[in-house]
Structures are given as C-alpha cells and as structure tokens.
Amino acid sequence: MTDVENPQQIQDEIKKICFEGAWAWIIEIVFWCLVACLIMYLIRRLVEGPFYRKPNRVDGKVVIVTGCNTGIGKETAMELARRGARLYMACRDAARCEAARLEIIEKTQNTNVFNRTLDLSSLSSVRQFAERFKAEEQKLDILVNNAGVMATPRKLTADGFEQQMGINHLGHFLLTNLLLDRLKAAAPSRVVVVSSAAYIFGSINKQDLMSEKSYSKFFGAYSQSKLANILFTRKLSEILKDSKVTVNCLHPGIVRTELMRYNSCPKTWNVIKRVIDIFIRSPKAGAQTSLFLSLDPKLECVSGGFYYNMLRFPVLPKAKDAEMAEWLWQESEKLVGLKQSMAAPVKKEENSEMETVKVVARED
C-alpha cells in the first residue's frame, strides 16, 4: 500500500506548490505582458540608434544652429552648449527661441547662449542675421544648417520661392555663403547640413524648380529640396577642399518633431499612431548624428559625406551628379542674389572654382 500511495502523495504535493484556476491565467497573462514590454523596449532601443558618448568639449568655440527652439535643433544646441560652445540660436520665432534659450542656460549652466532672429524664408532676414553676426564675431567654428519644413501645402516665401526649396535649400545656401569668411577664419571648422533619406524620391527639375507647373508636397518639393541639400554639400566641400572647412550632411532618421505638423491623420487612428510612435525616434536620438559631425575629432579633415547613425553611407548617382550640382549652385547664386564670378571662365576647372570662392567670400 505504501508503494501505491506514494505517487498520489507526490501529486498532492505538486498541487500545493502549483497555481490552478484563475491564478494560473493571471500569471500567464502577466508573463506575456512582460515579454511584450521587453520586446518593445529592445525595438525602441534599436530605433533610437547610437548616442554620441565621447567626452570632447568645444569650450569657447563659436557655433550657430538654425531652427533650434524645438526638436532636433534644440537637442543639438543643448548638447553643444553643455560642452562649452558659444552658441547662437538662429530662429524665426524670437519669443519661442528665448524660452528655449533660458531652458538651455538653466540646464547647461552655460550663459554664452544668444537669441538671434533668422527667417530662412526671407533673404533680407538672412542677410540681416549674417551682418549682425559678423559685427559680433570674427570667426565661426561650427554652422549647423538644421532648420527646415516638410510636406507643406504649396506656399511662397517672401521672395517668391516655393517654400520648401526656399527654406530648406536657398535660405541655408545664402546663409552659408555669407558666413564663409568667418568659417575660414576659424579653420579647421565645420558645416553640418541636415538632409534626409527622402532625397531618393527627389529630382532637380530644371524646368520647374519652384513646382509651379506641378506640386507634390512630399515626393516632389520636399524630396527635391533634400536632394538639393546633398548636392550643395558635395559642391561646397569641393570648393572648400583646401580651406580646412569641412562640409557634411546627414539623415537624422524618422523623428518625432514639429516637422510632422502637416502630416495629420484621422482621430480614429490615434491608437494606431501610438503603436507607430514606437518606431519613431525622439528628438534627442535624432540629434546624435548632427552632434557626431559637429564634434568628432576624426572628422576634422573629412568632407562631402552623407551620414546616418554616425556612419557614412553611399548616395545614389543623382546625388553625385557633378553637372547637376554645378547647375544648381549657379542657379542658386542667381536666385539669392550672390555676385557672379567677375572673370570669364578659364580652362582649368579648379581655377574657376577658386574664383567662385573668392567672390563669395567678399559678399556681405
């Protein structure tokens, strides 16, 4: 009998230490919820990408970040200020810029942070900003061309340009050229251009650069402006190849910023949107490649690259088209009113490029 009873006793003991009924269901549900949370956390970490962790500082270096009262620009400005930069915040809205400036000072304890008005949709505003900056500073160590708009309804800038091309490309084109002498004075110095992988959908339409005949807010105008950013980066890096001023551009990833303000969805999609948000970066994560290009010592002599997640990526042939880059540069000079080369073109292409640099450097 003892041998027969032993198995039953064992089963009774097992039942004592196991959960049955509702408790078993509750524990299983909790377990799978924890597994789901862990998976979501790992996905989130993967989406956020790498962070720039090197401790190098930029104490006393003069930095301009455009469009930095919110989003990627604000996080970029915050970190540069934390590392000791003498920071000029170039923003369209002076009141919002001042609020962000005070927050940055409070969090970084760096008082060398300045609020300066810059409306990239107005060439006169760009010129006024550059004139004031050059009266205040004799050098510029880092220029971060961050500001931009995305997929907006078709609008015109104050100068009659299609808004996305006007702000994303032409405003920064003029600003950078007006500040070239200050960048050269600080050499080795850097220009960082925030572009986008959306350039792959774009093409430079020579016959309709301002999208007057046909307008597509994302696949047309926005993507064209982002392709223009890369062509500008590559052309400028070529022009400045002997100046110790480097120029690089980047894709920040899909980031949760005010840039998405025009991409609305029905309220019934709110739950879906919450899930999608898991796959969208925070502004701080989106700023990391901008910081990498602004700060990393190993990039001091590296120019003309397109970066994502702090890695250099190849670009499509249309983003390497030297003839298109030259055409866009010359057309942009005309549109923004920069002086053209005083001398007739010479046989050697590099001499022609150097002549262009000299003319731009004199432009105020």
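This report covers the fold, the sheet, one cavity and a few single residues of a predicted model.

Residues are numbered from 1 along each chain as its sequence is written, and side-chain values use heavy atoms, with hydrogens and water left out. In this predicted model, local features need pLDDT of at least 70, side-chain atom pairs count only at pLDDT 80 or more, and totals for chains, interfaces and linings use all residues.

**Overall fold**

The protein has 13 helices and 8 strands. Helices (H or I, at least four residues) and strands (E, at least two) are DSSP runs, numbered from the N terminus. Of its 364 residues, 48% count as buried. Buried means under 20% relative accessible area, exposed over 50%, and partly exposed in between (1.4 Å probe, protein chains only). Take contacts between residues at least 6 apart in sequence: 78% of them join residues at least 24 apart. Contact means heavy atoms within 4.5 Å.

**The sheet**

The 8 strands form an open sheet with mixed pairing, in the order β3-β2-β1-β4-β5-β6-β7-β8. Two strands pair if DSSP finds at least two bridges between them. β3 (113-117) and β8 (311-313) each have a single partner strand, so one side of each is left without a neighbour in the sheet. Neighbouring strands are turned by 25° against each other on average, direction ignored.

At the β3 edge, β2 (residues 86-91) runs parallel to β3, and 5 bridges join them. Here Tyr88 stands opposite Phe114 in β3. Helix α5 (residues 123-136) packs on the sheet and touches β1 (62-66), β2 and β3. The direction of α5 makes about 145° with that of β3. Helix α6 also packs on the sheet, touching β1, β4 (142-145) and β5 (189-194). The direction of α6 makes about 170° with that of β4. Axes are lines fitted to C-alpha atoms, for helices over the stretch in contact, and angles run from 0 to 180 degrees between N-to-C directions.

**The cavity**

A search of the whole structure finds 1 cavity of 30 Å³ or more. A cavity is a set of points on a 1 Å grid over the protein atoms alone where a 1.4 Å probe fits but cannot get out; lining residues have an atom within 4 Å of a point. The volume is about 30 Å³, taken as the space filled by probe spheres set on the points, with grid points joined across faces, edges and corners.

The lining consists of His169, Phe173, Leu231, Phe232, Lys235, Ala325, Leu328, Trp329 and Ser332. Helices α6 (163-178), α8 (217-239) and α12 (322-336) each give two or more residues. α12 gives the most, with 4 residues.

**Single residues**

Arg234 sits in helix α8. Arg234 is partly exposed, at 29% relative accessible area. Beyond its neighbours within four places in sequence, Arg234 is in contact with Gly304, Val315, Ala319 and Lys320. Arg234 and Phe306 are 72 residues apart in sequence, yet 9.1 Å apart in space, C-alpha to C-alpha.

Pro188 lies in the loop between α7 (180-185) and β5. The peptide bond from Ala187 to Pro188 is cis, with omega near 5°.

Two residues other than glycine have positive phi:

| Residue | Phi | Loop | Relative accessibility |
|---|---|---|---|
| Ala151 | about 50° | between β4 and α6 | 1%, buried |
| Met310 | near 65° | between β7 (306-308) and β8 | 15%, buried |

Notes. 1 Å grid on protein atoms, 1.4 Å probe; cavity = no way out; pocket = protein on both sides within 12 Å on 5 of 7 lines; lining within 4 Å.
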